[in-house]
Amino acid sequence: MNQNLKKINIYSIYLGAFILILPIIAFFINAFSFRWFYPQLIPKELSMQAWVRLKLIPRQGNRTLEGFLDLWATNPTVIKALINSLTIGFVVTIVSIIIALPAARVLGLFNFKFKKLIIFLMVSPTILPPIAFVLGLNINFISLGFSGSFFGVCLVHLVPIMPYVVLTLTGIFANYNPDFEYQARTLGANKFKTFYLITLPAIAPGMVVAALFAFLVSWSQYLLTFLIGAGKIMTLPLLVFSTASSGNPALTAAISIIFIFPAILILFFTSKFVSGESSATSGFGKI
Amino acid sequence: MGGDKTKIILSITPPLLIIILLFYGGIFYGLVQSLGYQPAIGKYEINLDAYYNILFSERYAKLFWTGLALNLWVSFVSTFLAAVLALFAALAIRKTFFGKTVCNFIYSLNLPMPHLVVAVGIIFVFSQSGLLARMLAQLNIIASPGDFPVLVKDKYGVGIILAYIWKESAFFFIILMSVLQSLGENFEELAQSLGANRWQRFRYVILPLVMPSLFSASIIVFAFSFGAYEVPALLGVIYPQMLPVMAFEFFLNPDLNARSEGMALSIIIALIVMILVIFYFWLTQTRIRKD
């Protein structure tokens, strides 16, 4: 009986994996077949039309390197949104790490008054929904002139990202021994050299994970960008949302594939680091 | 010591300031506006009208209470099912078998996937002319799209629940896998040698060991699904409507008077989430004390 049970077990895992991957299959079929009518299961012909309409791939006969460059030089909406998403993601990730590093070090290495209160204040945005603060903030940002600006969008993205980066880095510094730094200093290394040669290598793996997931949180952000961007800052999630609401499956699928690409890439490179115990994983609840 | 103190204050202030100004500042401003203080349209009075309107007025009360019921239903059901499915998957996938690495990757695939994309994927698979309906049509089980049940944009929130199950089961899965890995199989083997059967090993050995992590992950998932906007906005209907979508629509209403109601609604959502989290901490604290 055990042999049979094992077989059932394995087949149900395969079935589960198949069901889980159905949406991804549907994305690819939709993106590469322009007229996929019910009840066809497999489209009758492959088509690049969705990508041509999004101005990501030139028309047939024009698909040379020059054709691609000429097309992309016309600055199609998807490329614009892609560049915006990437820029905001990079800026926010770097800024949040720079701001969070000293705080995380202090929180991880020292005990002091009000530490618990500070951690509580810092962590609360990970549990409370964004809608709770962004409606009020929106009106403030309008009167400050931040609304509809690149700066305003980056600033508001820091709210969901900051707690999570501080938490992850605090966890790393809690297991970090600063004595090596003192040794380096007594041996004559200056502050910069000590950081570069001692501190950085020790915290690098955790920092990379924190950075990747900070980027991913910013990359996935819809509501905050929509409200604070005030229609002037177009990012990929905004484009996916509006295309999905207008109901063209081929276009939606094509943009979605571009949108999920970095996510899959990041999972691929970090699957080693990701475990339930690291505070990095809990950040995923926010994406 | 004085140097340390300055260092601590200087290091903590920047991130704390961002959270206090933007997050708490936003909540505070929302709270003030929900109390009717809107200088932009010449309102300076403080009152509870917006809360009263939402909770009791003929115009909004029905909308709110059905929305709250839908919110609780969607969050409870999706959190519970995602946790249960992930638990079974994690237990089944522990043993070595052909294709384990690939299966592991697929089961974690939805972890970094944006909610928005998962919602679109659910439309592609579960709508009446979606992938699943086409598969059933090929098998001659259904004839026309109308024979396939309405699972997306339905009034019971099935599509929303499906999207959250898809997405959050991966989150539960990763957490459970690492807990199970760190526990090893010693406890189970011990129980087996003492004569515990399959069910008993699950019920009295595995379940108590994974429960704490499962429970805290559930809180994160529940709180998220209770307050998130994208998924219900894409997969929901106009009535009944989940509260975050309702709040946002009040807020976007060209009638600026509805703004107070939108703010009040967002404050109510935050309050409910807060109460649930506090209740959770109280529950775990008392349980720890008992143990």
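This note comments on the fold of chain A, its contact with chain B, and one helix pair in chain B, all in a predicted model.

1. Chain A is helical in its secondary structure, with 13 helices and 0 strands. Read in sequence order, its pattern is α-α-α-α-α-α-α-α-α-α-α-α-α.

2. The C-alpha trace of chain A spans about 70 × 70 × 40 Å along its principal axes. Of the 287 residues in chain A, 45% are buried. Among contacts in chain A with a separation of 6 or more, 70% join residues 24 or more positions apart.

3. The contact between the chains draws 76 residues from chain A and 74 residues from chain B. On the side of chain A that touches chain B, helix H1 (residues 2-31) of chain A supplies the largest share, 14 residues. That side of chain A consists of 57 nonpolar, 16 polar and 3 charged residues.

4. Within chain B, helix H3 (residues 61-93) packs against helix H7 (residues 158-183) at an angle of about 40°, and their axes are 7 Å apart. H3(B) is therefore oblique to H7(B), since angles from 35 up to 65 degrees fall outside the roughly parallel and roughly perpendicular ranges. The crossing of these two helices, H3(B) and H7(B), is right-handed.

5. The residues that H3(B) brings to this pairing include Val74(B), Leu81(B), Leu85(B) and Ala89(B). Those from H7(B) include Ile161(B), Tyr164(B), Glu168(B), Phe172(B) and Leu176(B). In total, the contact of H3(B) with H7(B) comprises 19 nonpolar, 3 polar and 1 charged residues.

Terms used. Residues numbered from 1 in each chain as written. Chains lettered and ligands numbered in written order. Predicted model: local features only at pLDDT ≥ 70, side-chain atom pairs only at ≥ 80, totals over all residues. Contact = placed C-beta atoms within 7 Å. Helix = DSSP H or I, 4+ residues; strand = E, 2+ residues; numbered from the N terminus. Nonpolar A, V, L, I, M, F, W, Y, C, P; charged D, E, K, R; others polar. Buried ≥ 20, exposed ≤ 12 C-beta atoms within 10 Å, placed from the backbone. Axes fitted to C-alpha atoms, helices over the stretch in contact; angles between N-to-C directions. Parallel < 35°, antiparallel > 145°, perpendicular 65-115°, else oblique. Left-handed = near helix turned anticlockwise from the far one by under 90°.
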